[in-house]
Each structure stands twice: as structure tokens, then as C-alpha cells.
Amino acid sequence: MEQQTKTSARALGAALKPRQLTMMGLGSAIGAGLFIGSGAGIQAAGPAVLISYLVAGTLIILVMWALGEMAAANPDSGAFSVYTAKAYGPVAGATVGWLWWLQLVVVIAAEALGAAGLLATIFPALPVWLMAFVFIVVLTAVNLTSVKNFGEFEFWFALLKVAAIVGFLLVGAALLFGWLPGVQSPGLTNFTGAGFAPDGFAGIATALFVVAFAFGGTEIVSVAAAETAEPARSVKKAVRTVLWRILIFYIGAIFVIAAVVPVGSAGLKSPFAAVLDAAGMPGAATAITLVAVAALLSALNANLYGASRMAYSLAERGEAPRLLASVSKARVPVVAVLASVAFGVVTVVLELAFPEMVLPVLLNIVGSTCLLVWTSALLAQLALRLRADRDGTELPLRMPGFPWLTGMGLLILAAIFTVGFIGEDSRPQLLSTFALVALLAVANWMHHRNRKVVPVVESAERAKAPVLID
């Protein structure tokens, strides 16, 4: 395991700093799903959506602990794909890796078009197609230079989002306590009586399925850990710092929105702007739109990074064409970056040529991928931790409350899947994702049947030296 870590580090480098990894983990959880999509959860459950967010937040904390434990012991750019392979075999690991890669490259297209569309509401003279391609080109260039530049870029993106949330919480607190001159506090009337949970448990359960996806992206910390100078120390800090901040930012923001914006209000379409408007803040809608654009571009940047590293790892293990493991002198997997962004570019072109006919279908197919990735992470941690404890292996970071908390995470995921299958709107999405998983599993099984695969535990030791690209 130690030799594998060193080999991977030499191939990709170790230029990410602990502060960048920490902010990456924090920023990846604060995306457009919070700034724009949080209203859907409140609409479904009313102020009781706070319960849904607490459950979903607990789940992501458990997943982060599990991933942190495995990443600290074995930092690898394949992260949960590698850990799943170690626990349950190369077919399972490759299936999870390809599933996550497909999700990211599809979402890259959605984020580019989404950011361009939002910016067009402020600057209608700018063509959406042009802005989308400019965003892709610029962020591809960022990813091609060096991981240090990517980390710094993502650090400032994340800092902007965190600053926006902190500012929002301060304004929200001032509004609720009646400290704003000339503005009457709405108080906590939305939380009293039947208005707290207008649809009861059913509404809370429905909202749980909706809000769980807002935390998607936090798993990228386990991927980036492989490119830090001191992976074990950096992962420990990132996990411990990110966890409590996620809860404060999410629960705090949702509490303010639920207290200020009543269920059924048109303001839930843009809940942050609605709160700032209620506080008498001029230009609120424009400010939130710009922050949402930054959130989408940050996610695009991070997803391109994650997709390229997963493609690199799959190639390094013989699960993808060897060319994808090629690295530049700056130790960037150039071919993997270009291959990942190419899929996104093609999707953007097709979506612009055939509006609402390509992207919605692809997003429906990969929509529940994050749930399956989190499930694989918890299952892998369960198996690998039991194995480590049985063998007496020392771990740099140990998930507390094992195995009960791991089991709790799996139970929460089972509940989310159950709610999803019950709902008529969410059932097709889950079925499509499971069909994709089955297809990938069969393809990877056939791939392994037709060739002799190097065991994942030894892949780094036996892999050929990475191809250097000038």
C-alpha cells in the first residue's frame, strides 16, 4: 500500500496544499443546489425540510468520514473506485469508476449551459452558446496547467461561495432579530402550528430525496487527496474542518429561508434572493445570480478535475485505454482532461442543436449516481476496516463509532432509495441509473473475462512508467 502511494505521487505530483483541499471539500458542498434548488425542498416539506437536511447532512458526514479513513490510509486518484476494487473486486471498482466519470462529464455540460443561461439573464446581449464554450475553454486551460493552479483557482471560488453564505447568514440573523431599520422581522410564524410540516412525514421523506443531491461533489476530496504533499494529515484536517461547517452553513441558510419565505411563495424559485429582497437589500437578485454562476463554474472546474483523475486511475489499472494515463511535464493527465471535456463539449453542441432533447435524458440516466457512489464508499469502508482490524493494521484516521455509524449511513441511503422508488417522478431516474450500472458491470465483466487484469492492490507497482507529453 505504501509503495502504491509513492508511485502515484510521482506520476501526478503532490502540489495541492492542505488549505486548498479543505476549501475544495467545503466549496464542493456549496453549489447551485443550495443557492437555487433549496426552494424545492422547502416547497415539498415546509420548514420541516430542516429535518431532511439534518438527515442528509448526517449521511454526508458519515460518507466523508468513511472516505477520509480510506484516503488517509491509501491516497489514490481513483479513490472510492480503487477502494471498492480492493474490497469487492476489480469489476465492482471499475463499474463505480466509470459510473462516476459518466456523471461528471454529463454534469460538465449542464453546468456550462446553466452558468451561461444565468449570466444571460443579466447580460442578454451575450449569446449563451458563446459563454458556455468560453467557460469550458478557460476552465480546461486551468486544469491543463498544473494541479497547483487548479487548487488555487478552486480555493478562491470556494472562498467566494463561503463569503456569500456568511454574508447571507448575517443578513438573515439581522432580519429575524429585527435589527434592520425600517424592516419588520417575520419572526418564527412559519414554524408554528401545522405550517411547520404541512404534508407531515410524507413531505419530509420526499424532501429528503430532493435535498440529498445538494451534497453531491464532496467525494472529490478523496480523489484530490492523492495530489497533496501530506495526504494523511491533509485529509484529517479537511474532514474534521468541513464536517461541522457544512452543517452550520446548510442548516443555518435553510433555517433563515424557511423562516422568511412561506411555503407556496413564488420566492422559493430563488430563495436567497427572496430573503435579501425581504431585508430590503438592493440588487439582491443580481448578486445571487452572480454567486450562482460562480458556484456552477466552480463545480465545472472541480468536476473536470475529478473526471480526468478518475479516467487516469482507470487507465493506470488497465480499465481504460493506456493513453489516458499519459501525463505532461507538469504532471497533469492531459489526455484524460481532454477526453473528459470532449464528452462535455459534444453534449453542449447536441443540446444547443436539439434543445431539451439530449441533456435532460442524460441527466436523468446519471441523476442518482452520487447515491450509488456513497453506497459503494460505505460498503468498501465496512469491508476494508474489518479487514484492517482483523490484521491489526494501523490506520492514520479512524472513523468513530465503527461499524454502527457506517451501518447508519447505509440505512439512511436505503431510506432515500425507498422514497425514490415510491415517488412517481423519481422512480424513472433511479431505474435508469440502475440500468446504466448493470450495463457498465456487464461491460467490465466481459473486459476482465477477455484479458488478464493486474490486481488493484499491485497495479501501481506493476504499471508501466507514465508516458510524458511535452
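**Helix packing and the largest pocket**

Helix α4 (residues 38-45) packs against helix α10 (residues 200-212) at an angle of about 165°, and their axes lie 8 Å apart. Keep in mind that this is a predicted model. Two other helix pairs are worth a look, α9 with α14 and α7 with α19. There is also a pocket with a volume of about 1100 Å³, the largest one, plus a cis peptide bond ahead of proline 403.

**α4 against α10**

- Angles over 145 degrees count as roughly antiparallel, so α4 and α10 are roughly antiparallel to each other.
- The way α4 passes α10 is a right-handed crossing.
- On the α4 side, the contact is made by Ala40, Gly41, Ala44 and Ala45. Across from them, α10 brings in Gly203, Ile204, Thr206, Ala207, Val210 and Val211.
- Sorted by class, this contact of α4 with α10 has seven nonpolar residues, three polar ones and no charged ones.

**α9 against α14**

- Helices α9 (147-176) and α14 (284-316) have axes 10 Å apart and pack at an angle of about 145°.
- Here the crossing is left-handed, with α9 passing α14.
- From α9, the residues that meet α14 are Val147, Phe150, Phe153, Glu154, Phe157, Leu160, Lys161 and Ala164.
- Their partners in α14 are Val291, Ala294, Ala295, Leu297, Ser298, Asn301, Ala302, Tyr305 and Arg309.
- That contact of α9 with α14 splits into 12 nonpolar, two polar and three charged residues.

**α7 against α19**

- The axes of α7 and helix α19 (residues 427-449) cross at roughly 130° and come within 9 Å.
- The two helices, α7 and α19, are therefore oblique to each other.
- Their crossing is right-handed.
- In α7, the residues involved are Pro90, Val91, Ala94, Thr95, Trp98, Leu99 and Leu102. They meet Leu436, Val437, Leu440, Ala441, Asn444, Trp445 and His448 in α19.
- By class, the contact of α7 with α19 comes out at 11 nonpolar, three polar and no charged residues.

**The largest pocket**

- The largest pocket, about 1100 Å³ in volume, is lined by 40 residues. Closest to its centre are Gly33, Val107, Glu111, Phe213 and Ala214.
- Several helices share the job of lining this pocket: α2 (18-29), α3 (32-35), α4, α7 (90-122), α9, α10, α14 and α16 (359-366) each put in at least two residues.
- The largest share of the lining, eight residues, belongs to α7.
- If you split the lining by class, you get 20 nonpolar, 16 polar and four charged residues.
- Some names come back from the packing notes, with α4 and α10 among the helices that each supply at least two lining residues.

**Backbone oddities**

- The peptide bond running from phenylalanine 402 to proline 403 is cis, and its omega is near 0°.
- You'll find proline 403 in the loop between α17 (369-391) and α18 (404-422).
- Alanine 79 has a phi near 40°, a positive value in a residue other than glycine.
- As for where alanine 79 sits, look in helix α6 (residues 79-88).

Methods
Residues are numbered from 1 along each chain as its sequence is written. This is a predicted model: local features need pLDDT of at least 70, side-chain atom pairs count only at pLDDT 80 or more; totals for chains, interfaces and linings use all residues. Side-chain values use heavy atoms; hydrogens and water are left out. Axes are lines fitted to C-alpha atoms, for helices over the stretch in contact, and angles run from 0 to 180 degrees between N-to-C directions. Helices (H or I, at least four residues) and strands (E, at least two) are DSSP runs, numbered from the N terminus. Angles under 35 degrees count as roughly parallel, over 145 as roughly antiparallel, 65 to 115 as roughly perpendicular and the rest as oblique. A crossing is left-handed if the near helix is turned anticlockwise from the far one by less than a right angle, and right-handed if clockwise. Contact means heavy atoms within 4.5 Å. Ala, Val, Leu, Ile, Met, Phe, Trp, Tyr, Cys and Pro count as nonpolar, Asp, Glu, Lys and Arg as charged, and the others, Gly among them, as polar. On a 1 Å grid over the protein atoms alone, a cavity is a set of points where a 1.4 Å probe fits but cannot get out, and a pocket is an open set with protein on both sides within 12 Å along at least five of seven lines; lining residues have an atom within 4 Å of a point. Grid points are joined across faces, edges and corners, and a volume is the space filled by probe spheres set on the points.
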